[in-house]
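Me: I am new to this structure and would like a close look at a single part of it, with the surroundings filled in afterwards. Please take your time over the answer.

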Amino acid sequence: MLELGFHQGAGLHSFMPQAELRVVAVASQDSAGSGLEALWQVCAILQRLGYPVVVLDGTAQETDASPGLAHLLRQAPWNEGAPLDAGAAASSLAVIPAARGLRLAAERAQARAVPPLQGLLPHFRRYGLMVLHAPASMLGPLLTHTATIPMVVMGSDAAGVLNSYKSLKQIALDTGLPCMVAGLLHGDGAAERHKVRGALQSLQDCAERHGCGPVRTTTIATHNPQELQRLALQLLENAGTISEPLTPPSPTPSLTGTPAYFARSH
């Protein structure tokens, strides 16, 4: 009876609190390769751990043949019941093309002066975890109001180190957030492990010297299920959350004033 901002009939007006949605961010690289395959494996692990996962893929363009986030945000007719085509490569994961939609979400949030990811919650609240997979230049504006620690997957060659540094710099400029960098191992050889660890150390030193903030690093053997599960748990630890702000009911109760998305089933 003493709950601040609500009256006894608030539940009848759909003002019940909603569960928070966890958000993971993974910066995409120009050469996806095994890094992208590792991401799908990690997402599958997270689903087996009991977190329904949706991936918003900022590297994939929405089209009429393959609708995605942009259609969803614009309330296209297929959104009233037709399922999204996750694609054969996504297996059981919900992977949604989102290149235009993520930019649209950031633009709308800026125009309305609200947190960028807040507008996505009504569409994805039935999931336990939302993975943003996009270039660093797209991730930065979306993460300004979260505590999510983004992950950058580093290639072991010189180009991979340079691209990872650019991603770290971009995210630091946009958000000031620290990042985690994962170096992927494709074999069990000591030489490869030494090479990847050396590249990670060089990247870490360079990033901290040039103002990218603290950088956490880890090595992951992509062929090792235990190490992939460790990466999945690290991503969970680094996840931020978004929650829908609850507003008090209007002075004159009316079901017609209920936001449209509360009436829909997710």
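Leaving aside its neighbours within four places in sequence, which residues is T222 in contact with?

Reply: The model shown here is a predicted one, and what follows should be read with that in mind. Once the neighbours within four places in sequence are set aside, the residues in contact with T222 are A38, Q41, L184, L185, H186 and L228. T222 itself sits in the loop that runs between strand β7, residues 215–221, and helix α8, residues 225–238. With a relative accessibility of 15%, T222 counts as buried, because the cut-off for that word is a value under 20%.

Two of the contacts of T222, L184 and L185, lead to strand β6, which covers residues 179–185 and has seven of its seven residues buried. On one side of β6 point C179, V181, G183 and L185, while M180, A182 and L184 point the other way, and all of them are buried. This arrangement can be set beside a general rule: in a regular strand the side chains alternate between the two faces of the sheet.

Strand β6 also has partners. With β5, residues 151–154, β6 pairs in the parallel sense over four bridges, and within that pairing M151 has M180 as its bridge partner. With β7, the pairing of β6 is again in the parallel sense, over seven bridges, and here M180 stands opposite R216. Between β6 and β7 the chain passes through helix α7, residues 190–209, in a β-α-β crossover that is right-handed.

Beyond the loop of T222 comes helix α8, and there the side chains of R230 and E227 meet in a salt bridge, with 3.4 Å from N to O. The two residues are three places apart in α8, which means that about one helical turn separates them. As a general matter, an α-helix has 3.6 residues a turn, so residues three or four places apart point the same way. R230 is partly exposed, at a relative accessible area of 33%, whereas E227, at 15% relative accessibility, counts as buried.

The structure holds two salt bridges, and the other pair to describe is R100 with E62, whose closest N and O atoms are 3.9 Å apart. This pair links distant parts of the chain, since R100 belongs to helix α3, residues 99–112, and E62 to the loop between β2 (53–57) and α2 (69–73), 38 residues apart. E62 is buried, with a relative accessible area of 4%, while R100 counts as partly exposed at 35% relative accessibility.

Helix α3 deserves a few words of its own. Its 14 residues should span 20 Å at 1.5 Å a residue, and the end C-alpha atoms are 21 Å apart, which agrees. In α3 the buried residues are A99, G101, L102, L104, A105, A106 and A109, and what covers them includes β2, α2, β3 (94–97), β4 (129–134) and α5 (136–142). After α3 comes A113, which has a positive phi near 55°.

One of those covering elements, β4, also contains H133. H133 is buried, its relative accessible area being 6%, and, with neighbours within four places in sequence left aside, its contacts are V26, S28, L36, L39, V55, L56, D57, G58 and T59.

Note on methods. Residues are numbered from 1 along each chain as its sequence is written. This is a predicted model: local features need pLDDT of at least 70, side-chain atom pairs count only at pLDDT 80 or more; totals for chains, interfaces and linings use all residues. Side-chain values use heavy atoms; hydrogens and water are left out. Buried means under 20% relative accessible area, exposed over 50%, partly exposed in between (1.4 Å probe, protein chains only). Contact means heavy atoms within 4.5 Å. A salt bridge is a side-chain nitrogen of Lys or Arg within 4 Å of a carboxyl oxygen of Asp or Glu. The expected span of a helix is 1.5 Å times one less than its number of residues. Two strands pair if DSSP finds at least two bridges between them. A crossover is right-handed if, with the strands pointing away from the viewer, the path from the first strand over the helix to the second runs clockwise.
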